[in-house]
Amino acid sequence: MAYTAIHDNIYNYYLTAYTPKNAGKYDAHKRSELRGIYNSMIKLNKESPLYMIANRKESAQFAVGLKENARGLHMELASLGGNLDSRELLDRKVAYSSNEDLISAKFIGSLSEGEEVSPLEIEVESLASGQVNLGTFLKSDSPIELPPDTYSFDISINDMNYEFQFTIRAGETNRNIQARLGRLINNSNIGLRAEVLEGEEGTSSLHIESEATGLKPGREKLFSVSDDSTSKASGMVTYLGLDYVSHDASNAVFTLNGKPNEASSNHFTLDKFYEIELRGVSSDECPVVSVGLKADYEALADNVSQLAGSYNSFLSAVDRFKASYTSSGKLKGEMAGIAALYKENLSGIGLNVQEDGSIDVDRNALSTAIHSGDADDKFQVVRNFTQQIFRKTRQISLNPMKYVDKTVVAYKNPGHNLPTPYVTSNYTGMLFNYYC
């Protein structure tokens with residue numbers, strides 16, 4: 001258990017620092033799918049030669065970044081087809097909002113043949129907000145008026161209690177302590193953001209805000225700060241005023257088809273069909289926002305544009321590693337090679353493959369192709385291209401080490417190769433190398 005916890009922390013460090021991960025519904029898999037992934041890893045393991053990885057910290061950054069960016073593109077393509085096994089890509093329905101500045105909408109459901117979804121009328125009265133604790137404004141350059149000692153305080157959030165310890169040294173100023181506590185809270189990753197605010201006449205205050213918004217029934221606060229029963233010296237909370245709540249958390253208030261509603265977050269789902277994000281408050285000029293499904297041809301245009309954007313974003317992510325990793329050029333060449341195979345047919349529907357492998361979307365040509373009589377035949381190339389990229393991202397996710405700089409030591413004996421557990425452990429061991 002300790003080993004697993006340490007490994008998770010190491011991987012999450014690289015994940016947060018170099019390629020933040022956004023989990024989606026396609027990250028969940030059936031048992032048969034997981035078994036298939038395991039069997040693929042065993043096969044790769046058996047066929048992999050013995051090699052040594054360049055002893056550089058960048059190797060871990062490159063491998064994790066590449067794996068997660070490939071996973072992100074893989075999930076984007078999966079969402080266009082509805083599920084990982086779908087061969088009917090780009091048939092996904094697309095939601096619209098009559099005012100994207102106030103409300104954005106995404107269709108996340110599935111419709112049976114002939115089923116229709118009624119549009120929604122939404123009026124936003126107020127947005128959900130987080131809790132803010134604002135400390136006392138103190139003279140920034142003045143020495144702190146607490147004796148040197150080891151202090152601690154507790155933060156209670158999400159039914160969990162966290163104790164923070166720190167030492168005050170002689171001569172430290174109020175600003176020094178506020179900045180140090182702000183870093184301590186931010187680095188703890190417990191769902192709070194802290195920063196030092198500059199006030200008038202050379203003063204400063206520690207500002208703490210929750211990442212979560214709204215309040216569930218029966219709760220009065222999202223978090224609380226106290227040093228009443230702490231293990232070290234107390235007095236810091238009162239001195240800095242960390243327990244003062246300057247803004248209470250509040251729920252989003254809106255009407256849905258004329259009926260009042262509340263949500264603890266500005267991001268939620270409605271009727272299992274729509275994913276809604278509230279971005280602003282309704283005004284007299286735009287009191288009600290309509291949310292519904294676009295016509296099929298508009299949805300197809302948006303899906304194709306999203307496909308090109310996701311593909312281009314992945315190529316840009318690979319480009320960022322080019323300065324440190326010459327092998328990243330190999331991957332980009334492989335991706336560009338796939339696009340080149342379909343270049344002529346893609347250009348016929350407004351998807352122009354550039355010299356660097358990226359795709360430029362001509363919306364006018366795309367619209368013309370969609371409304372043409374042979375649209376189904378023309379867009380078969382998009383489905384074929386998407387399937388190729390889909391398979392490629394799966395290969396990259398399974399074996400990002402293929403593109404890491406390394407030296408081959410020996411090849412397996414053909415016909416007598418066996419799984420080598422140490423090959424797979426290179427990925428983990430590389431992370432541990434710079435952790436210890």
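**Close-ups of a predicted model**

Of the protein's 436 residues, 42% count as buried. Everything below refers to a predicted model.

**View 1. The whole chain, for orientation.** Take a quick look around before zooming in. The protein has 12 helices and 20 strands. Its accessible surface comes to about 24000 Å², with 49% of that belonging to carbon and sulfur atoms. As for contacts between residues at least 6 apart in sequence, 74% of them join residues at least 24 apart.

**View 2. The largest nonpolar core has 43 residues.** Which residues touch the most other members here? They are Phe314, Phe379 and Phe385. At least two core residues apiece come from helix 3 (57–81), helix 6 (296–319), helix 7 (328–341), strand 18 (351–353), helix 9 (363–370) and helix 11 (380–398). Helix 6 supplies the largest share, 9 residues. Elsewhere there is a second, separate core of 27 residues, and Ile190, Leu192, Val237 and Leu240 are among its members.

**View 3. Phe385 and its contacts.** Zoom in on Phe385, one of the three residues that touch the most other members of the largest core. Skip the neighbours within four places in sequence, and Phe385 is in contact with Tyr311, Ile338, Ala339, Tyr342, Leu346 and Ile359.

**View 4. Helix 11, end to end.** This helix has 19 residues and spans 28 Å from its first C-alpha to its last, close to the 27 Å expected at 1.5 Å a residue. Which of its residues are buried? Val381, Val382, Arg383, Phe385, Thr386, Gln387, Ile389, Phe390, Lys392, Thr393, Ile396 and Ser397 make up that list. To help read the pattern: an α-helix has 3.6 residues a turn, so residues three or four places apart point the same way.

**View 5. An open sheet of 3 strands.** The strand order is 3-16-15, and the pairing is antiparallel. Why is one side of strand 3 (103–107) and of strand 15 (267–270) left without a neighbour in the sheet? Both stand at the edges with a single partner strand each, so nothing in the sheet sits on the other side. From one strand to the next, the twist averages 25 degrees. Strand 3 pairs with strand 16 (residues 274–278) over 5 bridges, in the antiparallel sense. Look for Ile103, which stands opposite Leu278 in strand 16.

**View 6. The hairpin of strand 13 and strand 14.** Strand 13 (residues 252–256) and strand 14 (residues 259–263) run antiparallel and are joined by 5 bridges. Val253 stands opposite Glu262 in strand 14. The hairpin has 2 residues between its strands. Asn257 sits in this loop, and its phi is near 50 degrees, a positive value in a residue other than glycine. Is Asn257 buried, partly exposed or exposed? At 44% relative accessibility, Asn257 counts as partly exposed.

**View 7. Asp159 in its loop.** Here is another backbone oddity to check in your viewer. Most residues other than glycine have a negative phi. Asp159 is not a glycine, yet it has a positive phi of about 60 degrees. Where is Asp159 found? It lies in the loop between strand 7 (149–157) and strand 8 (160–168). With a relative accessible area of 68%, Asp159 is exposed, because the cut-off for that class is over 50%.

Definitions and conventions
Residues numbered from 1 in each chain as written. Predicted model: local features only at pLDDT ≥ 70, side-chain atom pairs only at ≥ 80, totals over all residues. Heavy atoms only, no water. Core = buried A, V, L, I, M, F, W, Y, C linked by side-chain atoms within 4.5 Å. Buried < 20%, exposed > 50% of the residue type's maximum accessible area, 1.4 Å probe, protein only. Helix = DSSP H or I, 4+ residues; strand = E, 2+ residues; numbered from the N terminus. Contact = heavy atoms within 4.5 Å. Areas by Shrake-Rupley, 256 points an atom, 1.4 Å probe, with all protein chains shown as cover. Pairing = 2+ DSSP bridges. Axes fitted to C-alpha atoms, helices over the stretch in contact; angles between N-to-C directions. Expected span 1.5 Å × (residues − 1).
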